[in-house]
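These are my notes from going through the model, entered in the order in which I looked things up. I started with one pair of helices and widened the view from there.

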Amino acid sequence: MQIIFKLIESLGRNTLYYINDLGGMGLFLLQSLRGIFRRPFRFQALLKEIKGIGAHSFVVIFFTAAFTGMVLGVQGYYTLSKFGSEGLLGSAVALSLIRELGPVLTALMITGRAGSAMCAELGIMRMTQQVDALECMSIDPFRFLITPKFIATLIAVPLLTLMFDVVGILGGYLSGVQLLGVNPGAFFSGMEQSVVNKDINLGIIKSFVFAVIIVWICTGRGFLLLKGRSGFGAGSVSRATTQAVVLSSITVLLWDYLLTALLL
Amino acid sequence: MNEPIIKLVNVHKSFESANGTVQRVLRGVNLDIFPGMTTVIGGASGQGKSVAIKLILGLMKPDSGQILVEGKDIAVMGPKELNKVRANFGVVFQGVAPFDSMTVYENVALPLEENTKLSKQEIRQRVMQSLEQFGLTGHEDKFPAQLSGGMLKRVGLARALQLQPKIMLFDEPTTGLDPARSLEIYRLFYKIQKEMGYTAVIVSHDIPKIFNLADQVVVMHEGMAKVFNSSEDIQWSDDPIIKDFVEMTMGHIYQSKLENE
């Protein structure tokens, strides 16, 4: 009997905790959005964040895209040559990159590279009372800390996605055309015919949605550090960061499916 | 007698931890703080001293009770009103809470940049002047991580005083400082209080050292606040808890006397 009571009790407590947590994150998103419209706007900080989130992710995205494209070229060639339709390689590579892999892999790489950094930075600021200090100086921490990161991510992720697509396609060209000998004319003309505006739009919509997911979850987990269950001390920041990366990655993949299914 | 600038009326606050146990940190705290006065809040760790500070700043809401700042209850205020009240406060947190990605200069200049319409030049002039006052000239381009503990506290003080607050809250001003440095911080604090006339609330373990500064001493124990108006009152108190506390904080002084005899 005791055990059953304990089980029900902990079930209830956990449910309440998660609902509370979800509510906290929802409220955080609303306050972040409101913070965007507060003045004065911190333009310098925005530039710094774009540099941190965008420019510094360039190399990671470049290599991820290049190798992804090259693998797609090889794999696509292997599959398509079974049906004697290597000529379709260009459209296969371009479509999978633009519709799926570009937005998703960019989002995952940015989560790992910049999202974790955002979460840890805000978590440490919360822990060392820097957020409290801002509030006590009548400075809105959302406008001051979150807004620059929010807008910077919304600018950087779609741009990096576009770059991912281009570099990926060139990677596919390198492996498919240069190494495996697919006809370059067929590679590009097939691409031109099969990729339509709708595909590109889907990719762009996805990248914007993913950007919101990344910045929301990663800044939120850090900012709400002591309200979560991550405990206290240095360990709490590392736990919150891990949590943010895992949660953000899974949410990105979930929404990838939802958006693909909805907008097909 | 004039009205208290800060008044806590029957304030309760408890926290629930992840496993469901409830910790009742404050259980009906009553406290009056009068303008221009220095109040020292003491007590062993974990007795709710920092919680009391956070409640006064509106960083936490009490479970019940009132927290009146200049007669207005900040527990039921909206964010806009709360911001106005907070403009009266200057705070130095336990770890100073410097913005660690900013230089000393940027830290001290921030409140002026964000809350006043002063020009860049005027801000520069004011900040450099107060850096000089706090003996920080030449360190303005350093980052907080490059400073010693004492310097960091002075940066915190300088930052907190930029907007000329009516009330200064100082959480553990001397943790991590050697005796000479902590005396230096207290002297500085006292000197500036004489100049600016702010009301001071200091949370501290250094009860004996700080007696000279205090107009009233508040000892927190088991969620209650016991108020003493002078250092004699507290030393001769019959209350066993206070006796314990006095012995704990000043024990070594008496012990060494005994040893000498």
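Entry 1, a term I need before anything else. I take two residues to be in contact if their C-beta atoms, placed from the backbone, lie within 7 Å. I also note at the outset that this is a predicted model, and I read every entry below in that light.

Entry 2, helices H3 and H4 of chain A. With that cut-off I looked up which residues of H3(A) meet H4(A), and on the H3(A) side I found Val60(A), Ile61(A), Thr64(A), Thr68(A), Gly69(A), Leu72(A), Gly73(A), Gly76(A), Tyr77(A) and Leu80(A). Among their counterparts in H4(A) I noted Leu89(A), Ala92(A), Val93(A), Ser96(A), Leu97(A) and Arg113(A). By class I have 12 nonpolar, 7 polar and 1 charged residues in this contact. For the geometry, I found that the axes of H3(A), residues 58-82, and H4(A) come within 10 Å and cross at roughly 145°, and that the crossing is right-handed.

Entry 3, helices H4 and H9 of chain A. I then followed H4(A), residues 89-127, to H9(A), residues 234-263, where the axes come within 9 Å and the crossing angle is roughly 150°. Since an angle over 145 degrees counts as roughly antiparallel, I put H4(A) down as roughly antiparallel to H9(A). I recorded this crossing, too, as right-handed. The residues of H4(A) that meet H9(A) include Val104(A), Gly112(A), Gly115(A), Cys119(A) and Met127(A), while H9(A) brings, among others, Ser236(A), Ala240(A), Ala244(A), Ser248(A), Val252(A) and Asp256(A). The class count is 12 nonpolar, 9 polar and 1 charged.

Entry 4, chain A as a whole. I stepped back and counted 9 helices and 0 strands in chain A, with a C-alpha trace that spans about 65 × 60 × 30 Å along its principal axes. Of its 264 residues, 43% count as buried. I also checked the contacts between residues at least 6 apart in sequence, and 87% of them join residues at least 24 apart.

Entry 5, one residue of chain A. Is Leu27(A) buried or exposed? Leu27(A), which I located in helix H1 (residues 2-36) of chain A, has 12 C-beta neighbours inside 10 Å and therefore counts as exposed. I looked as well at the pair Leu27(A) and Gly220(A), which are 193 residues apart along the chain and whose C-alpha atoms are separated by 9.9 Å.

Entry 6, where chain B touches chain A. Here I found 17 residues of chain B in contact with 12 residues of chain A. On the chain B side, the elements that give two or more residues are helix H2 (79-86), strand E6 (89-92) and helix H3 (104-115), and the largest share, 4 residues, comes from H3(B). I sorted this side by class into 11 nonpolar, 4 polar and 2 charged residues.

Entry 7, the mixed sheet of chain B. I traced 6 strands in an open sheet, in the order E6-E7-E8-E3-E9-E10, with mixed pairing. Its edge strands are E6 and E10 (224-228), each of which pairs on one side only. Neighbouring strands are turned by 15° against each other on average, direction ignored. Within this sheet I checked E3 (residues 38-42) and E9 (residues 216-221), which pair in the parallel sense over 4 bridges, with Val217(B) as the bridge partner of Val40(B).

Entry 8, the helix on that sheet. H1(B), residues 49-56, packs on the sheet and touches E3, E7, E8 and E9 of chain B, and its direction makes about 150° with that of E7(B). I found 7 of its 8 residues buried, so H1(B) is largely enclosed by the rest of the structure; Lys49(B), Ile53(B), Lys54(B) and Leu55(B) are among the buried ones. Gly58(B), which follows H1(B), has a positive phi near 75°.

Entry 9, the antiparallel sheet of chain B. I last traced 4 strands in an open sheet, ordered E2-E1-E4-E5, with antiparallel pairing. E2 (22-33) and E5 (72-73) each have a single partner strand, so one side of each is left without a neighbour in the sheet. E4 (residues 64-69) and E5(B) pair over 2 bridges, and I noted Lys72(B) as the bridge partner of Val69(B).

Notes. Residues numbered from 1 in each chain as written. Chains lettered and ligands numbered in written order. Predicted model: local features only at pLDDT ≥ 70, side-chain atom pairs only at ≥ 80, totals over all residues. Axes fitted to C-alpha atoms, helices over the stretch in contact; angles between N-to-C directions. Parallel < 35°, antiparallel > 145°, perpendicular 65-115°, else oblique. Left-handed = near helix turned anticlockwise from the far one by under 90°. Nonpolar A, V, L, I, M, F, W, Y, C, P; charged D, E, K, R; others polar. Buried ≥ 20, exposed ≤ 12 C-beta atoms within 10 Å, placed from the backbone. Pairing = 2+ DSSP bridges.
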